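Grab a pencil and work through these exercises one at a time. Try each task yourself before you read its solution.

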Amino acid sequence: YVIELESTRPALPMFTTPFPLHAGDHWLEVLPLAMIKGLADAFFAVFNPFTPIMDKTFFFTFTLGAAIKSGFGYTMESCLVLNVLALGCLGVLAYQEGGYPLPGTQSHRFEPPEWMNVVYEEQPGLRFFNEARRRIGFLMCDNDIQSCQFFLLSSYVA
């Protein structure tokens with residue numbers, strides 16, 4: 001059933017849409033930190049409790065810092081963060097559909113953050129996922145726990 005269902009779905013486009021649109025090729029370097037934190041919090045609140053692939057403390061302490069420090073370079077940390085952001089977009093939409101407040105907010109209902117338009121894409125989070133797919137091609141020889149985490153997270157996005 002799953003194979004038949006997936007074979008009828010159109011393939012994901014390979015292009016990447018920067019956010020914001022005017023940022024150009026260096027769009028990852030200008031992402032607002034509040035948006036990165038909000039999407040990561042949504043990922044850890046929605047996906048990670050059921051399938052604990054990543055440790056939240058390690059992610060925020062080491063992985064996210066390494067990705068930002070490298071300017072979202074071609075590193076495994078950057079690929080992991082991009083997948084977390086892609087899944088975070090889906091998590092934010094789940095909070096919106098349920099009318100629940102986002103993690104870390106003081107509200108009792110869903111209030112869209114100022115960066116909410118990042119999740120409004122034909123496939124929510126596709127810009128982050130496509131960028132991670134593009135970068136992982138340069139890191140295919142890595143064989144460690146982070147590459148395993150990357151591929152496990154990618155299976156959720158796709």
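Buried means under 20% relative accessible area, exposed means over 50%, and partly exposed is in between. Keep in mind that you're looking at a predicted model.

**Exercise 1. Cysteines**

Work out how many disulfides the structure holds, and why Cys 148 has no bond to Cys 79.

Solution, step by step:
- Start with the cut-off: a disulfide needs two cysteine sulfur atoms within 2.5 Å.
- Now check the distance. The closest cysteine sulfur to that of Cys 148 belongs to Cys 79, and it is 14 Å away, which is too far for a bond.
- The count of disulfides is 0.
- Next, sort the two by accessibility. Cys 148 has 38% relative accessibility, so it goes down as partly exposed. Cys 79 comes out at 0%, so it is buried.

**Exercise 2. Two aromatic pairs**

Decide whether the rings of Phe 44 and Phe 59 are stacked, edge-to-face or tilted, then do the same for Tyr 74 and Phe 138.

Solution, step by step:
- You need the cut-offs here: ring centres within 6.5 Å make a pair, planes under 30 degrees apart are stacked, over 60 are edge-to-face, and the rest are tilted.
- In total, the structure holds 9 aromatic pairs.
- Take Phe 44 and Phe 59: their centres are 5.3 Å apart with 55° between the planes, and that makes the pair tilted.
- Where do they sit? Phe 44 is in helix H2 (residues 33–46) and Phe 59 is in helix H3 (residues 56–69), so this pair ties together parts 15 residues apart in sequence.
- Both rings belong to buried residues: Phe 44 has a relative accessible area of 6%, and Phe 59 has 1% relative accessibility.
- Now Tyr 74 and Phe 138: with centres 5.1 Å apart and planes at 85°, they are edge-to-face.
- Tyr 74 lies in the loop between H3 and helix H4 (76–98), while Phe 138 lies in the loop between helix H5 (126–136) and helix H6 (145–157), so the parts tied together are 64 residues apart in sequence.
- Tyr 74 is partly exposed at 38%, and Phe 138 is exposed at 62%.

**Exercise 3. Charges over rings**

Find which ring has the charged end of Arg 135 over it, and which ring face Lys 37 lies over.

Solution, step by step:
- The charged end of Arg 135 is over the ring of Tyr 74, 4.6 Å from the centre.
- Lys 37 lies over the face of Phe 60, 5.1 Å from the ring centre.
- Phe 60 is also part of an aromatic cluster, together with Phe 43, Phe 44, Phe 47, Phe 59 and Tyr 156.

**Exercise 4. A salt-bridge network**

Name the residues linked with Glu 131 in a network of salt bridges.

Solution, step by step:
- There are 4 salt bridges to sort through.
- One of them joins Arg 134 to Glu 131, with the closest N and O atoms 2.5 Å apart. These two are 3 residues apart in helix H5, about one helical turn.
- Another joins Glu 131 to Arg 135, with a closest N and O distance of 2.8 Å. Here the residues are 4 apart in helix H5, again about one helical turn.
- Put the bridges together and you get the network: Glu 131, Arg 134 and Arg 135.
- Finish with accessibility. Glu 131 and Arg 135 are both buried, whereas Arg 134 is partly exposed at 40%.

Key
Residues numbered from 1 in each chain as written. Predicted model: local features only at pLDDT ≥ 70, side-chain atom pairs only at ≥ 80, totals over all residues. Heavy atoms only, no water. Phe/Tyr/Trp six-rings, centres within 6.5 Å; stacked < 30°, edge-to-face > 60°. Buried < 20%, exposed > 50% of the residue type's maximum accessible area, 1.4 Å probe, protein only. Lys NZ or Arg CZ within 6 Å of the ring centre and 35° of its normal. Salt bridge = Lys/Arg side-chain N within 4 Å of Asp/Glu carboxyl O.
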